[in-house]
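Me: Could you take a close look at one small part of this structure with me? I'm in my first year, so please explain the terms as you go.

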Amino acid sequence: MVGAGLAGQRAALAAIQAGRDVAVVSKLHPLRSHSGAAQGGINAALGKEDSVDTHIYDTVKGSDYLGDQDAIEFFCREAGPTVVEMEHFGTIFSRGPDGSLARRAFGGAGFPRTIYAADRTGLALLQGLWERLGTERFTLYEEWDLTDLVVREGRVQGIVAFDRKHGDFEEIATSSVVLATGPFGRVYGRTTNAHSCTGDGVAAAYDVGAFLKDMEFVQFHPTLLLESGILITEGARGEGGILKNALGERFMSRYAPHVLELASRDVVSRAIVTEVAEGRGFPGPYGGYVHLELMHLGREKVESRLQEIVDYSRNFAGIDPVTEPIPVYPGQHYMMGGIGTNIRGETNIPGLFAAGEAACVSIHGANRLGGNSLLETLVFGKEAGIAAAAHAKTAARTEMTSADLDAAVAPLRAWSSRKDGEDPSTLRTEMQQTMEKYVGIYRTEADLLEGVKRIRAVKARFDRVQVVDQSKVYNLNLTDALETGHMLELAEAIVVGAYARTESRGAHSRADYPKRDDAHWMKHTMAAKSPAGPILSYTPVTYTRWEPKERVY
Amino acid sequence: MPEKTVSAQFEVYRFDPAHDSAPRYDRYTLDLAPHTPVLSALLRIRAEIDPSLTLRYSCRSAICGSCAMQVNSKSRLACETQIGPELERNGRIVVEPMRNQAVLRDLVVDQEPFWRHYDQIQPHLILDPRHPMPEGKENPMTPEEVDRFKETPRCIACAACFSACPAVEADPGFPGPMALAKLYRFVVDPRDTAHQDRLLAIQPGGLWTCLRCHLCTEACPKDVRPSERIRDLKEMAIAAQGATEPGSRHAVGFKENIRERGLLSEAKLVRQTSGISGMVGQLGQGVRIYRKKPEILKAPHKIEGLDEVQKIYDALDHTEDDAS
């Protein structure tokens, strides 16, 4: 397992339970994984008035009909058992007065079906799962960076990784690899993602011929704390928080008259960008913004249900949300795209599996609903673990050689031996600024062409990247370079996919093609790596019961 | 409109065991807005001045627990410590690795002992196969039962408490505040079936090494209040099996002593804590104290208004009954 957030841990547990010998490789201690930053909750239709079918329908609609309906049906059916299992593992959820799991309303959902643990649901699940996994036997390689996958004779032979603590490159021979390395939001500048969200596994898979699916679909969360980009959970609106512009208008009434602030995330993000662009935002040194108001909810409710939000506002913006509005603006939050897999987590390469945000099954399609990503990590982490274990049982012996290690390591050694060259931090910043400016919430052909050109220019400079730190111990400068190289490949796949898709669907909004175009574009983008850049092909969306309709909230 | 900036002086601990024979402090001066987090400043130093500066960091929003370090001698998360107040307090910002953990490089410390203590308290639900979990359903848990966890579910394992703890420094066998707060979390979990065994194991397992200095509670960025949970564990451990350790006997002896006379009988307390054989071991120290303070051997007189003291005890006993 590469990556030890919720998806990687759940995959590990499943593979151990299937009797396999499991190694978990992670660049962070598992409890420091970015899964822990998820705030709002996890969806499961457990309420009496709710149903699995409604959850399926909401997810299909939320995906703007790009989600594969067979996968979504499976996903929503697994929701209840998955949440109950996590409760049995020890997760501490918030409870209702009768002792059952408490539920809150979330955007795009027909019923309050988001089960939560205050506003730190990811942390609660991460603790519960890690504590459960801790009772099993496996090997943890902590603070190891994935550098390469080794694929020969059309199947996985193992991985190469960099042990930060000792400064050594190591090979691990294995016939099954599950990539659960999370997102790559750091290709953008303004993002809720942790610094470590650099898509190492996604880039490694792409490098050995795995397809990247639907990469152009990037979710921009409506409410990031201004400047720091820290996430203010959708739960804040679920609890009754409202958005206002500088004129004091509750502007969501113009964009989603029925559900207002609880419209789907893409809808709310576009509304905020439009308000600011049309001059109704608040001006400030970090750009225009709008207000998220919680004051009317009362101190008791805000401080008990949105404890972390209160702390974030106070510590990172000097704002007390009990008495003042929170300044917010949208920013990158979630990658719908990733390594293309089926329901079992299988990629197009035998022995290579993926799960969680690194993967694209696809259940989120063009736009993910809040509360569905934590669920995805657990449902498909388990499936990928089961499939990887089954593959490992029957696969032929792997053949890793020292030549594999040398081949993987040689270019990295060249980075360190250069006398002068490009600084990885500078290249990273230029990539982030390019993505922010040309591949943002609203996209146009001209911008995207400029984006492709600029990303390719940065990529060309990366060929001369230099690692100046010569120490063997915790050489983060080398990690910087590795991550930047990974992200540049993924940024290119995003922008090329976005340029090709001449329609607006879900989170992909083309100002020059404002309508969804089902006749031409009801299909998944599949990107394959080539020296000249991504080669795109398309595969059909799977339908079961739901015909595409216009998406209104 | 650009925001007002201040000139901030940083002194950052640097040590690479592969190249350096001793640590040094590197100085950097940056112009920054006063609300800039220390982490942002360090990342700017990495990006613009010296990419070899080494630290752990990830989420930059106080939830991953990676960036605990000492800022002006306090164990803090660098991501949520703003430079303005630090400059006001200290005139400059001294950044050092956490204490009680060996430095691997610069601000990165070896957390193996911290995690080992965490593992040793058995941080997982211990279940009794005779009482299976409800099939296909969650265990019911009332909001009141959830409240009994207090703030322990907020712990992000950043180890700031472990760094601040003088008992960890004095006794590497002491589990430390985080592990004990985690233990508390399992002892109050209605799903766990090993509360009694956990309490029996921890009384001789380091619980009474805690000095009650509350530095862990001061250091904790998530308000977990480990020292208060350690106090709760002490009370629960005594309730579970009585006072079996010098530490718990000292606590109980102190309480009984005051109830009887309103004043502490120090000689009696030593006997209550250490037993007769323990008193023999402390004889030398006893003689030294006796020379300076001969009244030590006399039982103190009963104070005036002792009945008022006893009323306080009765009232407290009554509240404890209500609570349990």
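Reply: Sure, let's start with B:His124, which touches A:Glu131, A:Thr135, B:Phe186, B:Asp192 and B:Arg198, not counting residues up to four places away in sequence. Touching, or contact, means heavy atoms within 4.5 Å. Before going on: this is a predicted model, where local features need pLDDT of at least 70, side-chain atom pairs count only at pLDDT 80 or more, and totals for chains, interfaces and linings use all residues. Residues are numbered from 1 along each chain as written, chains are lettered from A and ligands numbered from 1 in the order written, and side-chain values use heavy atoms, leaving out hydrogens and water.

B:His124 sits in the loop between helix H3 (112–120) and helix H4 (143–147) of chain B. Helices here are DSSP runs of H or I, at least four residues long, numbered from the N terminus. B:His124 has a relative accessible area of 18%, so it counts as buried (under 20%, using a 1.4 Å probe and protein chains only).

Now look at two of those partners, B:Phe186 and B:Arg198. B:Phe186 belongs to H7(B), and B:Arg198 to H8(B), and these helices meet each other. On the H7(B) side you'll find B:Leu180, B:Leu183, B:Phe186 and B:Val187, facing B:His195, B:Arg198, B:Leu199 and B:Ile202 in H8(B).

How do the helices lie? H7 (residues 177–187) and H8 (residues 195–202) of chain B pack at about 150°, axes 9 Å apart. That makes them roughly antiparallel, the word for angles over 145 degrees. Axes are lines fitted to C-alpha atoms over the stretch in contact, with angles from 0 to 180 degrees between N-to-C directions.

Terms used
Helix = DSSP H or I, 4+ residues; strand = E, 2+ residues; numbered from the N terminus. Parallel < 35°, antiparallel > 145°, perpendicular 65-115°, else oblique. Buried < 20%, exposed > 50% of the residue type's maximum accessible area, 1.4 Å probe, protein only.
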